[in-house]
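I opened this model to see how its chains are built and how they meet. My notes follow in the order in which I looked things up.

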Amino acid sequence: MLEWINDHGMLAAIFALAGLSVAFGALLGYAGERFRVEDDPVVERIDALLPQTQCGQCGYPGCKPYAEAISQGDVINKCPPGGDATIAALADLLGREATPLDGEAQDAPRVAYIREDECIGCTKCIQACPVDAILGAAKHMHTVIADECTGCDLCLDPCPVDCIDMIPRDDDVDAWRPPLPAGPGHRPTALLIASDRAQPSHTTRQEASHG
Amino acid sequence: MVKAFDFPGGIHPPARKAASTQHPIATAALPRRVMLPLGQHVGQPAEPCVAVGQRVATGTRVARAQGLISADVHASITGEVIAIEPYPVPHPAGLNELCIVIEGDGIRDDWALLPSLDWHSAADDTLYARLNASGVVGLGGAGFPTQVKARVRERHAIDTLIVNAAECEPYISADDMTLREHAADVLEGARLIARLSGAQRIIIGIENDKPEAISALNRAIAAANTETVEVTLKDFPARYPSGGEKQLIKRLLGREVPSRGLPADVGVLCHNPGTLRAALQAVRDGRPLVSRIVTLTGEALTRPGNVEARLGTPMIELLAAAGLDEARLARLVMGGPMMGIELSRLELPLVKSSNCLIAATLDELPPPPVEQPCIRCGACEDACPAGLLPQQLYWFAKSREHDKAELFNLFDCIECGACSFVCPSHIPLVDYYRAAKSEIRAQAFEARKAEHAKHRFEFRQARIEREAAEKEARRQARAQAAKRPSGIAANSTTPVPGSTGRGHDQPAAADTDLKSLRIAQAAAKAAVRKAEKVLARVSQSTGSKGQQQGQSDGEIEDLEVQLATARENLAAIEARLAAAKDAAADATQEPAPQRRSPDTDQERTP
């Protein structure tokens with residue numbers, strides 16, 4: 001054996017390398033089968049960035065299908081509810097160019113509201129709602145569970161009497177957010193006082209910093 | 001320099017408390033009209049339980065607590081409910097909130113008191129119920145419902161009750177005056193709360209610039225029967241913000257409250273003296289929270305001092321009674337000059353968390369100077385009492401790098417304003433942090449909502465699939481039932497469409513079909529078990545811990561939806577499996593379809 005290797009160095013090397021590649025190939029092939037990941041993990045991560053309104057404005061029946069389409073190479077600017085923030089996040093995740101939104105941007109988050117006197121109880125909107133946020137029975141008035149509504153507009157079209165409005169999500173005291181200060185060069189709006197210093201000291205300081 | 005127990009940083013702003021401590025606490029005149037906002041506390045706003053036109057006595061409940069963290073609201077004067085409408089309330093942005101407006105005649109004051117309780121002998125549940133029914137909330141400024149705080153022993157072991165009498169913020173003297181005049185009540189209230197929370201000792205933490213309050217407390221401690229629980233008074237030099245809950249605990253006990261945790265996590269409960277007095281009054285006198293002691297101060301007032309005023313009283317009435325000179329008034333601040341909010345109008349109602357009103361002149365609290373660029377001097381880091389890096393947080397907040405801000409523990413910032421105070425560039429640092437915090441919270445809320453919608457959508461998909469599978473199974477069963485008798489009777493002469501078409505390649509395909517369905521069934525069963533396990537674990541851990549009740553409730557709901565989705569998936573697969581089994585059984589029972597298949601093929605081809 002050793003003699004043969006000594007005699008045919010080139011051939012031995014070729015056999016050895018070929019043997020190794022077969023062995024490792026088999027190992028990799030087995031591992032690929034054994035530890036196969038069913039779903040594309042990228043799809044999950046894309047899906048997590050989408051706003052989950054399930055509105056179908058992207059042309060796909062829900063956010064997950066759109067996430068799958070993106071992972072297959074579809075463009076990332078088809079999600080109006082997500083807006084620029086979602087496009088930026090997707091561009092960041094996928095390393096693609098952030099393109100402007102395809103379609104009209106949506107401003108404030110909205111919820112559906114059924115004008116209950118006009119509702120005829122046809123259940124069409126219930127069937128259209130992707131998140132089961134509409135409550136009601138045949139020939140009885142329907143109503144929207146505002147907390148569950150994603151504002152997808154899918155219930156508007158099927159309604160035969162056009163009794164559904166999209167209204168802004170109600171903004172109460174909790175929804176107010178303190179604004180970010182304007183930055184250097186601006187006088188802060190006094191949300192927080194914290195300037196309990198004697199007047200002279202800060203005028204001199206200001207002069208000093210200007211001069 | 002640093003003592004064994006001390007917190008880092010801190011500042012020494014001018015105290016300016018002397019003006020309001022010259023006179024004893026006065027009682028404000030009974031207002032003719034009060035406006036009672038429904039959200040005077042942390043948590044969900046209360047729900048009105050009176051109608052417009054209804055007559056109420058002082059102390060009648062007018063709004064009921066909603067949800068886990070909420071508090072009742074009580075009528076603070078005798079009169080008639082004239083409106084339940086949104087009105088401006090004390091809020092940094094001057095927003096409106098639903099208020100109950102009561103009009104009286106300014107003279108009559110009939111009280112609707114609850115029966116008196118002896119807290120030594122009453123059962124815990126009775127006391128909790130009483131605190132709940134009295135609408136007592138933290139009067140130090142945060143407004144956390146006291147009853148919720150008192151129940152803390154259900155989840156944490158508490159060993160120490162701290163009475164937070166530090167009152168470190170300039171101008172405010174409400175707690176100081178409360179202690180000078182009602183030290184015995186505060187002490188008894190503390191012993192009541194200590195009993196409810198299971199604390200074995202009470203520590204009163206007070207800054208040593210309040211000698212009168214300290215001597216009053218010493219007298220009260222000496223006079224009180226302190227056999228059951230040990231009461232100690234600890235005074236220390238004044239330094240802002242030693243009244244911060246976490247800073248005070250560090251200073252008194254040397255314990256550090258964990259990041260994003262509660263004092264209860266280290267076995268401590270903190271209460272403000274005013275809150276303790278209100279709790280005692282609720283229990284001993286059956287008196288709901290309808291008034292509070294508020295400091296009226298500032299150089300625009302000629303008679304500054306502390307008054308006990310009814311909640312909902314328009315601030316203008318209180319200020320006018322204290323001799324407000326409107327010409328000199330430059331800004332009205334609710335709370336202290338460090339953490340308070342500036343109010344845009346004088347007609348706002350006094351609320352449970354209004355501990356101080358500062359009617360300041362222009363010289364006294366000048367408008368903030370123009371913000372200059374950060375020069376990275378690091379003064380803010382020396383001042384920060386939470387040991388954070390305010391400068392870094394400022395950059396991250398400014399550039400909206402929220403993940404980095406969170407990494408630098410933005411949420412441990414107590415918004416005390418010490419960093420803004422020392423900043424030589426006059427950067428309103430805390431405004432940046434507040435903006436960043438609320439943005440992060442809003443994002444987290446949206447993310448939770450999206451996650452929730454996703455689970456509901458998945459559930460709906462699973463349900464639709466299950467319904468379709470069941471329908472298909474039923475249809476197949478019907479077709480089989482229809483075929484069987486006819487197949488036996490007519491014996492292959494009349495092929496039944498549909499079922500025979502399916503039966504064509506069944507034996508081979510059905511086997512693999514069955515196999516894959518069985519695998520799917522096993523996977524679905526595993527998914528159901530996993531969902532059940534996660535749900536059980538989470539509901540158990542929240543039962544024993546449950547800090548942020550509202551949030552974990554949402555989490556549990558979401559997990560329940562996920563479990564239901566898994567069950568729907570399982571049901572769908574089982575329905576399909578049953579149908580496939582039936583079909584397979586049929587196919588093996590009678591080999592007829594196989595024999596018949598060429599016929600059907602021929603039939604179909606033309």
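These entries go from chain A to the interface, then to the salt bridges and the strands of chain B.

**Entry 1: chain A overall**

I note at the start that this is a predicted model. I counted elements in chain A and got seven helices and four strands. Read from the N terminus, their order is α-α-α-α-α-β-α-β-β-β-α. I then looked up burial: of the 211 residues in chain A, 31% are buried. The exposed surface of chain A comes to about 13000 Å², with 57% supplied by carbon and sulfur atoms. I also looked at contact range. Of the contacts in chain A between residues at least 6 apart in sequence, 48% link residues at least 24 apart.

**Entry 2: Thr86(A)**

I picked one residue in chain A for a closer look. Thr86(A) sits in helix H5, residues 83-94. Is Thr86(A) buried or exposed? Its relative accessibility is 9%, so Thr86(A) counts as buried. Its side chain reaches the backbone oxygen of Gly82(A) at 3.2 Å. Leaving out residues up to four places away in sequence, Thr86(A) touches Leu49(A), Leu50(A) and Pro51(A).

**Entry 3: where the chains meet**

Next I went to the interface. Chain A contributes 50 residues to the contact and chain B contributes 62. The area buried between the two chains is about 4700 Å², and carbon and sulfur atoms give 56% of that. I found nine residue pairs in polar contact across the interface, both residues at pLDDT 80 or more. Which elements of chain A give two or more residues to the side that touches chain B? They are helix H3 (41-49), helix H6 (124-128) and helix H7 (199-210) of chain A. H7(A) gives the most, with six residues.

I then checked charges. There are four salt bridges across the interface of chain A and chain B. One of the salt bridges I looked up joins Lys454(B) to Asp47(A), with the closest N and O atoms 3.5 Å apart.

**Entry 4: salt bridges**

Over all chains, I count 43 salt bridges in the structure. Arg460(B) pairs with Asp132(A), the closest N and O atoms being 3.6 Å apart. Arg460(B) is in helix H12 (residues 429-490) of chain B and Asp132(A) is in the loop between H6 and strand E2 (134-135) of chain A, so this pair joins two chains. Arg460(B) has a relative accessible area of 10% and is buried. Asp132(A) is buried too, at 18%.

I looked at a pair inside chain B as well. Arg239(B) and Asp6(B) form a salt bridge with the closest N and O atoms 2.5 Å apart. The pair links distant parts of the chain, 233 residues apart: Arg239(B) is in the loop between strand E11 (230-236) and helix H5 (245-253), and Asp6(B) is in the segment before E1. Arg239(B) is buried at 12% relative accessible area. Asp6(B) is buried at 13%.

A further pair is Asp110(B) with Arg108(B), closest N and O atoms 2.5 Å apart. Asp110(B) is partly exposed at 32%. Arg108(B) is partly exposed at 46%. I also traced shared partners: salt bridges join Asp132(A), Arg460(B), Arg463(B) and Glu467(B) into one network.

**Entry 5: Leu113(B)**

Leu113(B) lies in the loop between strand E8 (96-103) and helix H1 (124-133) of chain B. Its relative accessible area is 48%, so Leu113(B) is partly exposed. I measured nothing here but read off a computed separation: Leu113(B) and Gly286(B) are 173 residues apart in sequence and 5.4 Å apart in space, C-alpha to C-alpha. Leu113(B) touches Asp285(B), Gly286(B) and Arg287(B), not counting residues up to four places away in sequence.

**Entry 6: strands of chain B**

I found an open sheet of six strands in chain B, ordered E1-E14-E13-E17-E15-E16, with mixed pairing. Its edge strands are E1 (26-27) and E16 (341-343), each pairing on one side only. E15(B) and E17(B) pair antiparallel over four bridges. Met334(B) has Leu357(B) as its bridge partner in E17(B).

E8(B) pairs in the antiparallel sense with E2(B) over five bridges, and with E7(B) over eight. Ile102(B) in E8(B) stands opposite Val34(B) and opposite Val81(B).

E9(B) and E12(B) pair in the parallel sense over four bridges. Thr160(B) stands opposite Val268(B) in E12(B). From E12(B), Val268(B) and Cys270(B) point one way, Leu269(B) and His271(B) the other, and all are buried.

Methods: Residues are numbered from 1 along each chain as its sequence is written. Chains are lettered from A and ligands numbered from 1 in the order in which they are written. This is a predicted model: local features need pLDDT of at least 70, side-chain atom pairs count only at pLDDT 80 or more; totals for chains, interfaces and linings use all residues. Side-chain values use heavy atoms; hydrogens and water are left out. Buried means under 20% relative accessible area, exposed over 50%, partly exposed in between (1.4 Å probe, protein chains only). Two strands pair if DSSP finds at least two bridges between them. Contact means heavy atoms within 4.5 Å. A polar contact is a pair of N or O atoms within 3.5 Å; within protein, one must be able to donate a hydrogen and the other to accept it, and residues adjacent in sequence count only if both atoms are side-chain atoms. Accessible areas come from the Shrake-Rupley method with a 1.4 Å probe; for residues, only the protein chains shown count as cover. Buried area is the accessible area (1.4 Å probe) that two parts lose on being put together, summed over both. A salt bridge is a side-chain nitrogen of Lys or Arg within 4 Å of a carboxyl oxygen of Asp or Glu.
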